[in-house]
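Biologist: I am new to this structure and would like a close look at a single part of it. Could you take me through the salt bridges, and then place them among their surroundings?

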Amino acid sequence: TGLRSKLLDAFSKAEGEYLSGQKISEYLGCSRTAVWKHIEELRKEGYELDAVRRIGYRITKKPDKISSNEIQLGLTTSFMGRHIHFEEEVTSTQKIAHNLASEGAEEGTIVVSEQQSSGRGRLSRVWYSPKHTGIWMSLILRPQIPLSQTPQLTLLAAVAIVQAIEEVTTLKPDIKWPNDILVNGKKLVGILTELQAEADRVHSVIIGMGINVNHDQDHFPTDLQDIATSIAIEAGEKADRAELIQQILLKFEVLYNLYLSKGFKPIKLLWESYAISLNKTVVARTLHGSLTGKAIGINEDGVLLLETESGNIEKIYSADIEVKS
Ligand code: BTX
């Protein structure tokens with residue numbers, strides 16, 4: 001796999017130009033026959049290559065799959081995603097990320113999988129994560145911020161994901177406080193922020209992102225048919241998941257650096273520009289019951305402010321939001 005990654009790296013550097021068999025064999029330090037074998041291996045993995053006699057090879061299409069290699073190729077961040085833990089199938093990337101974080105994983109480490117057998121949402125709900133269609137990723141952060149500010153990172157993640165989707169596709173997603181990204185009112189992305197902390201010290205923040213990318217409508221189970229959607233469904237064409245991951249990491253890094261140096265204010269402004277629920281009547285369902293009111297904004301901690309009929313301003317720390325009007 002070391003050679004594989006070198007070969008892909010060479011193609012990436014060639015930027016779509018042909019690479020001669022001779023050049024490749026020198027670069028990898030192996031025979032022309034071995035090069036040919038590696039090329040055949042790539043084809044078996046779903047790469048499409050153009051081979052022209054005496055000119056060389058060129059990758060024309062990458063397979064619809066992701067791995068550390070695909071994510072690494074073309075990643076321009078300085079620390080986000082620089083350590084990649086990839087597994088073809090996992091129970092939950094959150095679970096693995098928690099373990100890695102306890103073992104001291106560096107900030108920016110990501111856990112990515114092609115499939116989760118028990119992907120989780122908030123409040124022990126299930127996140128549907130079928131094979132080869134979505135982005136199921138957890139990101140480990142180690143910010144030195146008080147516990148009370150960690151919800152801000154969920155909002156930061158939402159902004160980063162929306163910006164990345166806008167960069168890679170034609171879609172203009174909306175954010176619904178605190179953690180949903182919607183297109184045409186249907187859920188495209190879910191974000192789950194979990195912590196490792198003691199007293200008031202945050203050891204790590206683990207941000208799980210579930211993004212429906214290349215699902216067809218009939219990919220979704222019946223209970224999600226009316227509420228879930230994917231990039232492919234909404235944009236009418238499939239998206240390159242590895243490219244989307246790279247963009248998310250890049251946007252995230254920029255916003256995170258901004259957040260660490262300037263605080264939540266600039267993030268809050270960006271978040272508000274994408275939010276759909278603001279100035280609308282919403283029903284907030286919390287563990288203690290539901291509350292109806294006008295969503296008038298978020299405060300400096302990222303908490304939702306709800307103005308009830310009696311004119312009181314209630315702070316909502318955690319809830320499911322239904323937008324009424
Ligand atoms: P949530 O609790 O806000 O949303 C969960 C609810 O969303 C479910 O009860 C269901 O109604 C609906 N749902 C389930 N799967 C999907 C889906 N694929 N698309 C749209 N709607 C769905 C949101 O929780 C947070 C989800 C985070 C998922 C990521 S994936 C990587 C990481 N690992 C992991 O186990 N979780 C996170």
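Modeller: What follows goes through the salt bridges one pair at a time and then turns to some other features of the chain. Please keep in mind throughout that this is a predicted model.

As background, side chains of opposite charge can pair when their charged atoms come close. In this structure there are 17 salt bridges, and a few of them are described here with their positions in the chain.

A good place to begin is helix 3, which covers residues 32-44 and holds both lysine 44 and glutamate 41, three residues apart, or about one turn of the helix. The side chains of lysine 44 and glutamate 41 meet in a salt bridge, with a distance of 3.7 Å from N to O. Lysine 44 has a relative accessible area of 69% and is therefore exposed, while glutamate 41, at 34%, is partly exposed.

Another pair is made by lysine 65 and glutamate 45, whose closest N and O atoms are 4.0 Å apart in a salt bridge. This pair links distant parts of the chain, since lysine 65 sits in the loop between strand 2 and helix 4 (68-72), whereas glutamate 45 sits in the loop between helix 3 and strand 1, and the two are 20 residues apart. Lysine 65 counts as partly exposed because its relative accessibility is 23%, and glutamate 45, with a relative accessible area of 28%, is partly exposed as well. Both residues also belong to a network of salt bridges that links Arg4, Glu45, Lys65 and Glu70.

Are the partners of the salt bridge between aspartate 180 and lysine 176 buried or exposed? The closest N and O atoms of aspartate 180 and lysine 176 are 3.9 Å apart. Buried means under 20% relative accessible area, so aspartate 180, at 8% relative accessibility, counts as buried, and lysine 176, at 14%, counts as buried too.

Turning from charged side chains to nonpolar ones, Tyr18, Val52 and Ile55 form a patch on the surface, and together they have about 230 Å² of accessible area. Of these, isoleucine 55 is placed in the loop between strand 1 (48-52) and strand 2 (56-61), and its relative accessibility of 44% is why it counts as partly exposed. Isoleucine 110, by contrast, lies in strand 4, which covers residues 110-116, and at 0% relative accessibility isoleucine 110 counts as buried. The C-alpha atom of isoleucine 110 is separated by 23 Å from that of glutamate 198, a residue 88 positions away along the chain.

The packing of the helices completes the picture. Helix 1 (residues 2-14) and helix 2 (residues 21-28) pack with their axes 10 Å apart and at an angle of about 130°, which means that helix 1 is oblique to helix 2. The crossing of helix 1 and helix 2 is right-handed. Further along the chain, helix 6 (residues 151-168) and helix 9 (residues 241-262) have axes that come within 8 Å and cross at roughly 135°, so that helix 6 is oblique to helix 9. The crossing in which helix 6 passes helix 9 is right-handed.

Terms used:
Residues are numbered from 1 along each chain as its sequence is written. This is a predicted model: local features need pLDDT of at least 70, side-chain atom pairs count only at pLDDT 80 or more; totals for chains, interfaces and linings use all residues. Side-chain values use heavy atoms; hydrogens and water are left out. Patches are made of residues with over 30% relative accessible area and no salt bridge: like charges are joined within 9 Å, nonpolar side chains (Val, Leu, Ile, Met, Phe, Trp, Tyr) within 5 Å. Accessible areas come from the Shrake-Rupley method with a 1.4 Å probe; for residues, only the protein chains shown count as cover. Helices (H or I, at least four residues) and strands (E, at least two) are DSSP runs, numbered from the N terminus. Buried means under 20% relative accessible area, exposed over 50%, partly exposed in between (1.4 Å probe, protein chains only). Axes are lines fitted to C-alpha atoms, for helices over the stretch in contact, and angles run from 0 to 180 degrees between N-to-C directions. Angles under 35 degrees count as roughly parallel, over 145 as roughly antiparallel, 65 to 115 as roughly perpendicular and the rest as oblique. A crossing is left-handed if the near helix is turned anticlockwise from the far one by less than a right angle, and right-handed if clockwise.
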